[in-house]
Amino acid sequence: MQIVLDEYGYVKAYALIGEISDASAEVDEPVDVNDFENNYRSYYLSKDNVLIKSDDKQKEIEEQRELTNLRTQREKVCFPYINRGYLWYSKLTDEQKGELESWYQEWLDVTDTKVVPNIPAWLS
């Protein structure tokens, strides 16, 4: 099996069969090949030339995936309302504008809170 490491020593590419590039290293397959295939970016090469999974790196990757999903959801759910024009906003009551502002702020904070805000009833 061949691997290519990133600048931090974690696997960034691999080939179970064949060659990747001149920059690749030959290593033995890890014990759990299925886990490696699903989570290869959390594996690093030890000094003994063995692939080892880092639970900390796996957690970091999963957290980044969660944040990306939240940002994507914010873009799809929130921004179509927030990016409407003056004519739409001019039809809102002061109460609706306040609710919309609070809802928008909750979406802006979603990467910190990890809590998806409920859409105001009058928008759905």
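These notebook entries record what I looked up in this structure, which is a predicted model.

**Entry 1. Aromatic pairs**

I began with the rings. A pair of aromatic rings is described by the distance of the centres and the angle of the planes. I noted nine aromatic pairs in the count. I then examined Phe-36 with Tyr-40, whose ring centres are 6.5 Å apart. Their planes stand at 55°, and I therefore entered the pair as tilted, since edge-to-face requires an angle over 60 degrees. I also looked up the accessibility of the two partners. Phe-36 has 0% relative accessibility and is buried, whereas Tyr-40, at 24%, is partly exposed.

I next turned to the pair of Phe-36 and Tyr-43. The centres of these two rings are 5.0 Å apart, and their planes make an angle of 75°, an edge-to-face arrangement. I recorded both Phe-36 and Tyr-43 as buried.

I also found a cluster joined by ring pairs. Its members are Tyr-81, Trp-88, Tyr-89, Trp-103 and Trp-122.

**Entry 2. Tyr-43 and its surroundings**

I returned to Tyr-43 to place it in the fold. Tyr-43 belongs to strand 4. Its relative accessibility is 5%, so I listed Tyr-43 as buried, the limit being under 20%.

Which residues is Tyr-43 in contact with, leaving aside its neighbours within four places in sequence? I listed Gly-9, Tyr-10, Val-11, Pro-30, Asp-32, Asp-35, Phe-36, Leu-51, Ile-52 and Lys-53. Phe-36 in this list is the partner of Tyr-43 in the edge-to-face pair.

I also took one distance across the model. Tyr-43 and Pro-117 are 74 residues apart along the chain, and their C-alpha atoms are separated by 35 Å.

**Entry 3. Charges over rings**

I searched for charged side chains placed over aromatic rings and noted two cases. Lys-57 lies over the face of Tyr-10, 4.9 Å from the ring centre. Tyr-10 is also among the contacts of Tyr-43. In the other case, the charged end of Arg-84 is over the ring of Trp-88, at 4.7 Å from its centre. I had already met Trp-88 as a member of the ring cluster.

**Entry 4. Helix 2 against helix 5**

I examined how helix 2 (residues 55-77) meets helix 5 (residues 94-108). Their axes come within 10 Å and cross at roughly 155°. I entered helix 2 as roughly antiparallel to helix 5, because the crossing angle is over 145 degrees.

Which residues make this contact? From helix 2 I noted Leu-70, Gln-73, Arg-74 and Val-77, and from helix 5 Trp-103, Trp-107 and Leu-108. By type, the residues of the contact are five nonpolar, one polar and one charged. Trp-103 is also a member of the ring cluster.

I then looked up one further residue in each helix. Asp-56 is in helix 2 and, at 64% relative accessibility, is exposed. Asp-56 and Ser-46 are 10 residues apart along the chain, with 15 Å between their C-alpha atoms. Glu-106 is in helix 5 and is partly exposed at 40% relative accessibility. From Glu-106 to Pro-117 there are 11 residues in sequence and 6.1 Å in space, C-alpha to C-alpha.

**Entry 5. Residues with positive phi**

I checked the backbone for positive phi in residues other than glycine and recorded two. Asn-49 has a phi of about 65°. Where is Asn-49 found? I located it in the loop between strand 4 (43-45) and strand 5 (51-53). Its relative accessibility of 40% makes Asn-49 partly exposed.

Lys-114 has a positive phi near 60°. I located Lys-114 in the segment after helix 6 (110-113). At 38% relative accessibility, Lys-114 is partly exposed.

**Entry 6. Tyr-8**

Last, I looked up Tyr-8. I found Tyr-8 in the loop between strand 1 (2-5) and strand 2 (11-15). Is Tyr-8 buried or exposed? Its relative accessible area is 62%, so I entered Tyr-8 as exposed, the limit being over 50%. Tyr-8 and Ser-24 are 16 residues apart in sequence, and their C-alpha atoms are 15 Å apart in space.

Methods
Residues are numbered from 1 along each chain as its sequence is written. This is a predicted model: local features need pLDDT of at least 70, side-chain atom pairs count only at pLDDT 80 or more; totals for chains, interfaces and linings use all residues. Side-chain values use heavy atoms; hydrogens and water are left out. Rings of Phe, Tyr and Trp (its six-membered ring) pair if their centres lie within 6.5 Å; planes under 30 degrees apart count as stacked, over 60 as edge-to-face and the rest as tilted. Buried means under 20% relative accessible area, exposed over 50%, partly exposed in between (1.4 Å probe, protein chains only). A charge sits over a ring if NZ of Lys or CZ of Arg is within 6 Å of the ring centre and within 35 degrees of the ring normal. Axes are lines fitted to C-alpha atoms, for helices over the stretch in contact, and angles run from 0 to 180 degrees between N-to-C directions. Helices (H or I, at least four residues) and strands (E, at least two) are DSSP runs, numbered from the N terminus. Angles under 35 degrees count as roughly parallel, over 145 as roughly antiparallel, 65 to 115 as roughly perpendicular and the rest as oblique. Contact means heavy atoms within 4.5 Å. Ala, Val, Leu, Ile, Met, Phe, Trp, Tyr, Cys and Pro count as nonpolar, Asp, Glu, Lys and Arg as charged, and the others, Gly among them, as polar.
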